[in-house]
Amino acid sequence: MKIGDKLPEFNLKGFDDQFHSNYEYAEKYALAIIFTCNSSVQSKAYSERFVKLFERYEEDNFGIIGINSNDDKQVPEETMEMMKLAAFHFKLHTLHFMYLKDEDQSVAKKFGAKVNPEVFLFNSKRELVYRGAIDDSWENEHMVTSAYLEDAIESALDGIEVDYPEIEPVGTPIVWKK
C-alpha cells in the first residue's frame with residue numbers, strides 16, 4: 001500500500017471466535033491496523049504499549065486492530081489458541097481492541113505487510129496516512145525519542161497531514177506459508 005490508498009476490505013476471525021470486518025470501525029476518526037504476532041521479540045516488546053496507546057486515544061474515537069498473519073504450521077505460537085491466551089493476558093476482552101487471525105495471509109498481502117510489528121494508520125476517510133514503525137526504540141519504552149505512530153495518530157485525529165508518513169518498520173519478518 002502507498003500513502004493515500006484506501007483501506008482494503010477484510011473479514012477475519014478474532015480471539016472471540018467471531019468474524020470482524022473493516023466496516024465495524026467505520027465511525028472511527030482514525031484506525032490503526034497493526035500486523036503483529038505472539039512470537040516476534042519486537043511484537044512482544046510492544047504488546048503493552050499497544051494497549052496503552054489504545055486506552056490513551058479510545059475516547060478520541062480511535063480504533064486499533066491487531067492482525068496475526070504468521071503461518072501457525074511453522075510457528076505453533078501463532079495458533080488461535082495461543083492468540084486467545086495473549087488476548088486474555090492483555091485483557092483485550094475488556095477493551096474494544098480486536099486481535100484477528102489472517103489464516104490465508106491474504107490481508108497481509110493486500111496491505112503489503114512485511115514484518116511484525118508493522119502499522120498502517122488510516123484517517124476518517126479511510127485513506128492510508130502513515131505506514132511503518134511504532135517508535136524509535138522497541139527495546140526500551142523509556143528510551144523512545146520519536147513516537148512515530150503516536151504523532152501520526154494525533155495528526156490523523158486532528159485531520160491534518162502526517163509529517164513523516166513512512167518510517168521503515170523494525171521487526172521480525174512475517175512467516176509466510178510454504
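Q: Before we start, what counts as buried, exposed or partly exposed?
A: A residue is buried when its relative accessible area is under 20%, exposed when it is over 50%, and partly exposed in between. Please also keep in mind that this structure is a predicted model.

Q: Then how does aspartate 17 count, buried, partly exposed or exposed?
A: Aspartate 17 has a relative accessible area of 38%. The limits for partly exposed are 20% and 50%, and aspartate 17 is therefore partly exposed.

Q: Where along the chain is aspartate 17?
A: Aspartate 17 sits in the loop that runs between strand E1 (11-14) and strand E2 (19-21).

Q: What is notable about the phi of aspartate 17?
A: The phi of aspartate 17 is positive, near 65°, and this residue is not a glycine. Most residues other than glycine have a negative phi.

Q: Which other residue has a positive phi although it is not a glycine?
A: Asparagine 61 is one such residue, with a phi of about 70°. The loop between H1 and E4 holds asparagine 61.

Q: Is asparagine 61 buried or exposed?
A: Asparagine 61 is buried, because its relative accessible area is 18%, and the cut-off for buried is under 20%.

Q: What about the backbone at proline 117, and where is that residue?
A: The peptide bond that joins asparagine 116 to proline 117 is cis, with an omega of about -5°. Most peptide bonds are trans. Proline 117 belongs to the loop between strand E6 (115-116) and strand E7 (118-122).

Q: Changing topic: which residues touch the most other members of the largest nonpolar core?
A: That core has 51 residues, and those touching the most other members are Ile33, Phe35, Phe111, Phe120 and Leu121.

Q: What does isoleucine 33 touch?
A: Leaving out residues up to four places away in sequence, isoleucine 33 touches Leu7, Phe10, Ile65, Ile67, Phe111, Glu118, Val119, Phe120 and Phe122.

Q: Now the helices. How do H1 and H4 lie relative to each other?
A: Two packed helices are described by the angle between their axes and the distance between the axes. For helix H1 (residues 41-57) and helix H4 (residues 148-158), the axes come within 12 Å and cross at roughly 20°. An angle under 35 degrees counts as roughly parallel, and H1 and H4 are therefore roughly parallel to each other. The crossing of H1 past H4 is right-handed.

Q: Which residues meet there, and of what class are they?
A: From H1, Leu53, Arg56 and Tyr57 meet Leu149, Glu150, Ile153, Glu154 and Leu157 of H4. By class, this contact has 5 nonpolar and 3 charged residues, and no polar ones.

Q: Staying in H1, what about alanine 45?
A: Alanine 45 is part of helix H1, and its relative accessible area of 31% makes it partly exposed. Its C-alpha atom is 6.3 Å from that of tryptophan 138, although the two are 93 residues apart along the chain.

Q: Which loop holds serine 69, and is that residue buried or exposed?
A: Serine 69 is in the loop between E4 and H2. Serine 69 counts as buried because its relative accessibility is 1%.

Q: What is serine 69 in contact with?
A: Apart from neighbours within four places in sequence, serine 69 is in contact with Phe35, Thr36, Asp102, Gln105, Ala108, Ile174 and Val175.

Q: And aspartate 72, where is that?
A: Aspartate 72 also has its place between strand E4 (62-68) and helix H2 (80-89), in the loop. Its relative accessibility is 11%, so aspartate 72 counts as buried.

Q: What touches aspartate 72?
A: Setting aside residues up to four places away in sequence, aspartate 72 touches Glu78, Thr79, Lys101 and Glu103.

Q: Last one: where is glutamate 81, and is it buried or exposed?
A: Glutamate 81 lies in helix H2 and is exposed, with a relative accessible area of 55%. Between the C-alpha atoms of glutamate 81 and phenylalanine 62, which are 19 residues apart along the chain, the separation is 27 Å.

Conventions:
Residues numbered from 1 in each chain as written. Predicted model: local features only at pLDDT ≥ 70, side-chain atom pairs only at ≥ 80, totals over all residues. Heavy atoms only, no water. Core = buried A, V, L, I, M, F, W, Y, C linked by side-chain atoms within 4.5 Å. Buried < 20%, exposed > 50% of the residue type's maximum accessible area, 1.4 Å probe, protein only. Contact = heavy atoms within 4.5 Å. Axes fitted to C-alpha atoms, helices over the stretch in contact; angles between N-to-C directions. Helix = DSSP H or I, 4+ residues; strand = E, 2+ residues; numbered from the N terminus. Parallel < 35°, antiparallel > 145°, perpendicular 65-115°, else oblique. Left-handed = near helix turned anticlockwise from the far one by under 90°. Nonpolar A, V, L, I, M, F, W, Y, C, P; charged D, E, K, R; others polar.
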